[in-house]
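Take a look at the chain below. Then read on for a short tour of its build, its cores and a few of its residues.

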Amino acid sequence: MAKYGILKSSTNTGLDTELIAAFSAPLSITSRKPSLVTETLTLKRKTAYTDIQRLEIQTGLVPLADASQMFMHNVVNGYSESFYVRMPQIYRAKNLPNTLSPIVFANTAVATSTLNIAGLGGLILPVGEFIKFASHSKVYMIKESSLLGDNVNTINIFPGLINPITINENVSYGTKVTMAAKYGDDNQIGVTYQDGILAQYDSLSLIEAL
């Protein structure tokens, strides 16, 4: 089973050895999208929203016998510095093989939501999958996915592109999706030992760095 967690660097090929620490359950993934909701006297609901969206992860870490790297990472980055995490994917019974190399099929403008992906060998990126384009720091989610002709996957993403992308740009999926993150300001900066030997991080909030 794939491991997700805090990465040692921006390098993320899906290997467990690239992690400082692995996430543990319970784990939650939250989407934040600023909205204003009001109700009229006739109980009609009115909403206003922005096009800005970010992801947040609330998780624990697998207990650490050697917490030196995690302690250093936590203290040095604090609440202000960005770092990298392997973005957890929604659990499903069957995942795509991690050996595929999908690329963007054509130049695509900012704010676009529908685009074509090639290089999946006739497979499609599943709905709910998190993906990332090579030139973007933002992580996107697949809303819709279908096969268009031979070896071209048409996807609809959320949110729309915050930057344009170019033809042949690499697309990360599965365990290769890297999210730039910051520690939430409700985190403890330091380390707690559960039994004097194993370091315990029961609850960490990780906020996507936009």
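What share of the 210 residues in the protein chain is buried? Buried residues make up 41%. Keep in mind that this is a predicted model.

**The chain as a whole**

The protein chain has one helix and 16 strands. Its C-alpha trace spans about 60 × 55 × 30 Å along the principal axes. The accessible surface comes to about 11,500 Å². Carbon and sulfur atoms account for 56% of that surface. Now consider contacts between residues at least 6 apart in sequence: 69% of them join residues at least 24 apart.

**Two nonpolar cores**

In soluble globular proteins, nonpolar side chains tend to be buried together. Here, the largest nonpolar core has 24 residues. Those with the most contacts inside this core are Ile6, Phe23, Met70, Val85, Met87 and Met179. Several strands give two or more residues to this core: S2 (19–32), S5 (54–61), S6, S13 (178–183) and S16 (204–208). A second, separate core has 16 residues, including Leu115, Phe133, Ile165 and Val171.

Val85 shows how far along the chain contacts can reach. Leaving aside neighbours within four places in sequence, Val85 is in contact with Gly5, Ile6, Leu7, Phe23, Ile57, Val177, Thr178, Met179, Ala181 and Leu206.

**Two buried polar residues**

Thr154 and Gln200 can be set side by side.

| Residue | Strand | Relative accessible area | Side-chain polar contact |
|---|---|---|---|
| Thr154 | S11 (152–158) | 17% | Asn116, 2.6 Å |
| Gln200 | S15 (199–200) | 18% | Asp202, 2.8 Å |

Why does Gln200 count as buried? Its relative accessibility is 18%, and buried means under 20%, so Gln200 falls in the buried class. Thr154 is buried too, because its relative accessible area is 17%.

Both residues also touch others further off in sequence. Not counting residues up to four places away, Gln200 touches Pro63, Thr192 and Gln194. By the same rule, Thr154 touches Thr114, Leu115, Asn116, Glu144, Ser145, Ser146 and Leu148. One of these, Leu115, belongs to the second core.

**A patch on the surface**

Which residues make the nonpolar surface patch of about 330 Å²? They are Phe71, Val75, Tyr79 and Ile189. Tyr79 lies in the loop between helix H1 (68–77) and strand S6 (83–86). Tyr79 is partly exposed, with a relative accessible area of 40%. Strand S6, at one end of that loop, also gives two or more residues to the largest core.

Note on methods: Residues numbered from 1 in each chain as written. Predicted model: local features only at pLDDT ≥ 70, side-chain atom pairs only at ≥ 80, totals over all residues. Heavy atoms only, no water. Patch = residues over 30% accessible without salt bridge, like charges linked within 9 Å, V, L, I, M, F, W, Y side chains within 5 Å. Areas by Shrake-Rupley, 256 points an atom, 1.4 Å probe, with all protein chains shown as cover. Salt bridge = Lys/Arg side-chain N within 4 Å of Asp/Glu carboxyl O. Helix = DSSP H or I, 4+ residues; strand = E, 2+ residues; numbered from the N terminus. Buried < 20%, exposed > 50% of the residue type's maximum accessible area, 1.4 Å probe, protein only. Core = buried A, V, L, I, M, F, W, Y, C linked by side-chain atoms within 4.5 Å. Contact = heavy atoms within 4.5 Å. Polar contact = N/O pair within 3.5 Å; in protein donor to acceptor, adjacent residues only side chain to side chain.
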